[in-house]
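The exercises below look at one chain and the ligand it holds. Please work through each task before reading the solution that follows it.

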Amino acid sequence: MQAYAGPSSEHAQQLSELGQSDLRRGLILRVNGEELRVLVTGGAGYVGAVLIPQLLARGYRVRVLDLYLYGREVFGELQGDPNLEEVVGDIRDAAAVQKAVEDVDVVLHLACISNDPSFELNPDLGKSINFDAFAPLVAASKAAGASRFIFVSSSSVYGVSDAPHVTEEEPLNPLTDYSKYKAMCEPILLEQQSPDFTTLVIRPATVCGYSPRQRLDLTMNILTTHAHERGKITVFGGKQLRPHIHLRDLCRFYCELIEMDAEKIAGKIFNAGYQNNPVSELAEIARSVVEQKLGKPVGIETTPTNDPRSYHISSEKIQEELGLCPELKIEDAVAELVDALEEGKIPNALEDDRYYNVRLMKRISLR
Ligand SMILES: NC(=O)c1ccc[n+]([C@@H]2O[C@H](COP(=O)([O-])OP(=O)(O)OC[C@H]3O[C@@H](n4cnc5c(N)ncnc54)[C@H](O)[C@@H]3O)[C@@H](O)[C@H]2O)c1
């Protein structure tokens, strides 16, 4: 299979004429006369549930390899789309991986035990998925002829930093096993960089916003849910900085990175964030949006915390080198979440374990 080096100039021209927000089904990227094929591991998660429709809308053929830990009904009416292949499988299963990487051009790796508390429930399980399965997945992708592999790491790899702008050059100081294994995977991928195999690491900030596979265990999403459901937010500490990015902006970045000229991204690492606010300000944003939209008062209570994690990431590199600029703010994510809660799209928001990774992981006792 010929290496995919980014969109042809004709296609790039079509993309820019259409504009990023106006992509339509029917615009098909082609490699050797065929649609671009993308494998998304963990594509049935919070991020994947918004990303996969965007990829399909761009005309890709998409394969999802996922255990569907948080439910099977993620893609709604797209289920059954001829360009979407859903594979229920485990990235630790060599045979499943072998099959999943067959005939794909690009691999986007999201599958993961994706937060600290879930990881700590069973550290051996977390390591087996987040670290042990990684090198074999990269090797299988490369051997099968994929020409691009994008690894979604995390900005938590920096740990606590006093640096005013934490750039990609900052030394890593992961404070938890989840972050440590993210950091350890990065060089394993980048060592495999070659002209035929473009490697790229993205370190996203905490994501916020509505997804059909909703997570309410993420900072801004929790604050919004508590403001809406309880009329009260409890802030632990409050001074800690938390960088955020809107879910749809991040998914747009992933789509653009799939298409980006190889020489701009090969072997590189980019942070992906937007606003960096102290948790106390995040709570104020949740309060003011909920009060404005619903006209009911929201209280904020502050209690001490022993969680020191505070970090502030710089996303200048991805904006300056690749032109990827966020367009949506935290306020937009909060407003959309409030609408989704009001419309009944997130029923039993405080009670249902599906929205809280650690609660669901406790219930299913995955091995
Ligand atoms: N959400 C955030 O704020 C955020 C921030 C930074 C980085 N990330 C990273 O982005 C990626 C996606 O995050 P998310 O919020 O969508 O998480 P998520 O937990 O919603 O999704 C992870 C998906 O991986 C699947 N999965 C888990 N173990 C698997 C296995 N062994 N084999 C196959 N599939 C498996 C799960 O079923 C789930 O659908 C993760 O790698 C996460 O670390 C997320």
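**Exercise 1.** In this predicted model, how many Å separate an oxygen atom of the ligand from an N or O atom in the side chain of Tyr-178?

*Solution.* Begin with the side chain of Tyr-178, where an N or O atom lies 2.6 Å from an oxygen atom of the ligand. Turn next to the backbone, where a polar atom of Val-207 is 2.9 Å from a ligand oxygen atom, while a polar backbone atom of Ile-91 is 3.0 Å from a nitrogen atom of the ligand. Then consider the cover as a whole: the ligand taken alone exposes 820 Å², and the protein buries 98% of that area.

**Exercise 2.** Describe the residues around the ligand, and state which elements give two or more of them.

*Solution.* First, 30 residues surround the ligand, and those that come nearest are Tyr-46, Asp-66, Leu-110, Ser-114 and Tyr-178. Second, sorting the shell by character gives 18 nonpolar, seven polar and five charged residues. Third, the elements that give two or more residues to this shell are α7 (177–190) and β9 (206–208).

**Exercise 3.** Decide why the radius of gyration of the chain agrees with that of a compact globule.

*Solution.* Start from the 367 residues, for which a compact globule would have a radius of gyration near 21 Å; the chain has 20 Å, and therefore the two agree. As further description, the C-alpha trace spans about 60 × 40 × 40 Å along its principal axes, and 55% of the residues count as buried. Finally, the chain is built with 14 helices and 14 strands.

Note on methods:
Residues are numbered from 1 along each chain as its sequence is written. This is a predicted model: local features need pLDDT of at least 70, side-chain atom pairs count only at pLDDT 80 or more; totals for chains, interfaces and linings use all residues. Side-chain values use heavy atoms; hydrogens and water are left out. A residue is near a molecule or strand if one of its heavy atoms lies within 4 Å of it. A polar contact is a pair of N or O atoms within 3.5 Å; within protein, one must be able to donate a hydrogen and the other to accept it, and residues adjacent in sequence count only if both atoms are side-chain atoms. Accessible areas come from the Shrake-Rupley method with a 1.4 Å probe; for residues, only the protein chains shown count as cover. Helices (H or I, at least four residues) and strands (E, at least two) are DSSP runs, numbered from the N terminus. Ala, Val, Leu, Ile, Met, Phe, Trp, Tyr, Cys and Pro count as nonpolar, Asp, Glu, Lys and Arg as charged, and the others, Gly among them, as polar. The radius of gyration is taken over C-alpha atoms; the globule rule is 2.2 Å times the number of residues to the power 0.38. Buried means under 20% relative accessible area, exposed over 50%, partly exposed in between (1.4 Å probe, protein chains only).
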